[in-house]
Amino acid sequence: MGQWAVIASAPDVPQGGIGYLGPAGTFTEEGLRRLDPEAAATAWPAPTVQAALEALRSGQLAAALVPFESSVEGSVSATLDELIRGEPLVITGEVHVEVQFALMARPGTSRSAVRRVATHPMAQAQTREWVAAQLPEAEVIPESSTARAAVLVAAEVYDAAIAAPLAAERHGLEVLVDRIADRPGAVTRFIRLARPGHVPEPTGTDLTTVVAYLRRNRAGALLDLLNQFAMRGVDLVRLESRPTGEALGQYCFAIEALGHVSEPRMADALTGLRRVCADVRFLGSYPRANASPTQVPEVASAAAYHEARAWLDSIR
C-alpha cells in the first residue's frame, strides 16, 4: 500500500502557474527547464497530457508544456488529438530535447540481476535493439511514462527502468548504462500551450500551426488546400491527416508552415484556406526552436504584397 501512495502523491496545481507531462524526471521536465528555468522550479507534473490541458483550459494553469513530435515515432497522438478535438488552445513556444535514455536501478543492483525493465512504449521502441542484445532475458513492461517507470523501480516494483538520466537524479536511482538509444541523435519536440488571446511577436524564424477541416472528401480537395500555401510562397514543413472523431472516414489535416500570421503572405494563405475549408483552427504562430531564418521568395515578400495592393487601390 505504501508504494502506491508514493506514486499517487503529487503537488497541488499551482494557480496561474505552468504544468508539464509528469511525473518529475521526464524529458518534458527537462524541456521545461530549458525553455523556462524559473517556471520549472514550481511547475506542476500532470499525470497525463489530457490532465495538463484540462487544467489549462479551466484556468488553473496559465501554460502547459507537452510532447508533440518525435523524430523517430512521429506525432504524439494524445497531444495532437487534444488540439484537434478539445476546446481551442494555442502554441506559444517550442523546445527540442535530444533523447538520451539510460538504464537505471536501485543502488547496488547489477545488470545481471535485471529481469523486469519498465519504460514508456516510445522509449521501448527506441531502445528495442539494445535491450535485445544486452538484456536478452529481461521482460520489458510498458508504463505511462519513463519517469513513472523510475518511480516504480524506486518502489521495488521492477528491477530497472529505461528513462531520462534526470529520473535517476530525481528518484535516487543509479545509472547502470547511459546513452542506450538504438539511433543516437533522436529528438523530441515539446510545445508550450496557452489559452487563445496572445500571439507572440514575429521574429523572422517563426512557425504557424493550423488544423484544416475539409468541407467534404472529394477528388482534388487536398490539392485545393495545399495550393493556398504554394501560390503564396509559403513553405509547408509538416502535413498530417487525423480522424476528426465524428465518423469513420472523416479526416482533418494538421499543417505547419514557415512564417507568422502577421506576414501578408501567411495571412493571405490562411484566408484562402478558410475559404475552401469547412473550418480552420488556428493553433499559433511562434518562434521555431532552431531559430532558423525563414527564406521568403521575393514575390512573396511583404514589400511585394504592399506594392500589389497599392496598385489595386490605384485602379479602383
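The paragraphs below lead from the chain as a whole to one of its sheets, and then to a helix and the elements packed around it.

The structure is a predicted model, and its single chain of 316 residues has 48% of them counted as buried. Along its principal axes the C-alpha trace spans about 80 × 40 × 40 Å, and the chain holds 11 helices and 15 strands. Among the contacts in the chain with a separation of 6 or more, 78% come from residues that lie 24 or more positions apart.

A good place to begin is an open sheet of five strands, whose order is β8-β7-β9-β6-β10 and whose pairing is mixed. The edges of this sheet are formed by β8, residues 139–142, and β10, residues 174–178, each of which pairs on one side only. From one strand to the next the twist averages 30 degrees. In general, the strands of a sheet pair through backbone hydrogen bonds, either parallel or antiparallel. Within this sheet, β6 (residues 102–105) and β9 (residues 160–163) run antiparallel and are joined by four bridges, and Ala 105 stands opposite Ala 160 in β9.

Helix α7, made of residues 146–154, lies across β6, β7 (116–119) and β9, and runs at about 160 degrees to β9. The loop between α7 and β9 contains Glu 156, a residue that is exposed, because its relative accessible area of 60% is over the 50% cut-off. The C-alpha atom of Glu 156 is separated by 8.2 Å from that of Arg 106, although the two residues are 50 residues apart along the chain.

Further along the chain is helix α10, whose 13 residues, 264–276, reach 19 Å from the first C-alpha to the last, close to the 18 Å expected at 1.5 Å a residue. The buried residues of α10 are Pro 264, Arg 265, Met 266, Ala 269, Leu 270, Gly 272 and Leu 273. An α-helix has 3.6 residues a turn, so residues three or four places apart point the same way. The elements against which the buried residues of α10 pack are the strands β12 (206–214), β14 (251–258) and β15 (277–287), together with the helices α9 (221–230) and α11 (302–315).

Of these neighbours, the strand β12 is mostly covered, with eight of its nine residues buried. Strand β12 pairs with β15 in the antiparallel sense over eight bridges, and Thr 208 stands opposite Ser 285 in β15. Strand β12 also runs antiparallel to β14, to which seven bridges join it, and here Val 210 stands opposite Ile 255 in β14.

The packing of α10 with α11 can be followed in the same careful way. Two packed helices are described by the angle between their axes and the distance between the axes. For α10 and α11, the axes come within 8 Å and cross at roughly 70 degrees, and the two helices are therefore roughly perpendicular to each other, since angles of 65 to 115 degrees count as such. On the α10 side the contact is made by Pro 264, Arg 265 and Asp 268, and on the α11 side by Ala 302, Tyr 305, His 306 and Arg 309. Taken together, the residues of this contact divide into three nonpolar, one polar and three charged. Pro 264 and Arg 265, which take part in the contact with α11, are also listed among the buried residues of α10.

Note on methods:
Residues are numbered from 1 along each chain as its sequence is written. This is a predicted model: local features need pLDDT of at least 70, side-chain atom pairs count only at pLDDT 80 or more; totals for chains, interfaces and linings use all residues. Side-chain values use heavy atoms; hydrogens and water are left out. The expected span of a helix is 1.5 Å times one less than its number of residues. Buried means under 20% relative accessible area, exposed over 50%, partly exposed in between (1.4 Å probe, protein chains only). Contact means heavy atoms within 4.5 Å. Axes are lines fitted to C-alpha atoms, for helices over the stretch in contact, and angles run from 0 to 180 degrees between N-to-C directions. Angles under 35 degrees count as roughly parallel, over 145 as roughly antiparallel, 65 to 115 as roughly perpendicular and the rest as oblique. Ala, Val, Leu, Ile, Met, Phe, Trp, Tyr, Cys and Pro count as nonpolar, Asp, Glu, Lys and Arg as charged, and the others, Gly among them, as polar. Two strands pair if DSSP finds at least two bridges between them.
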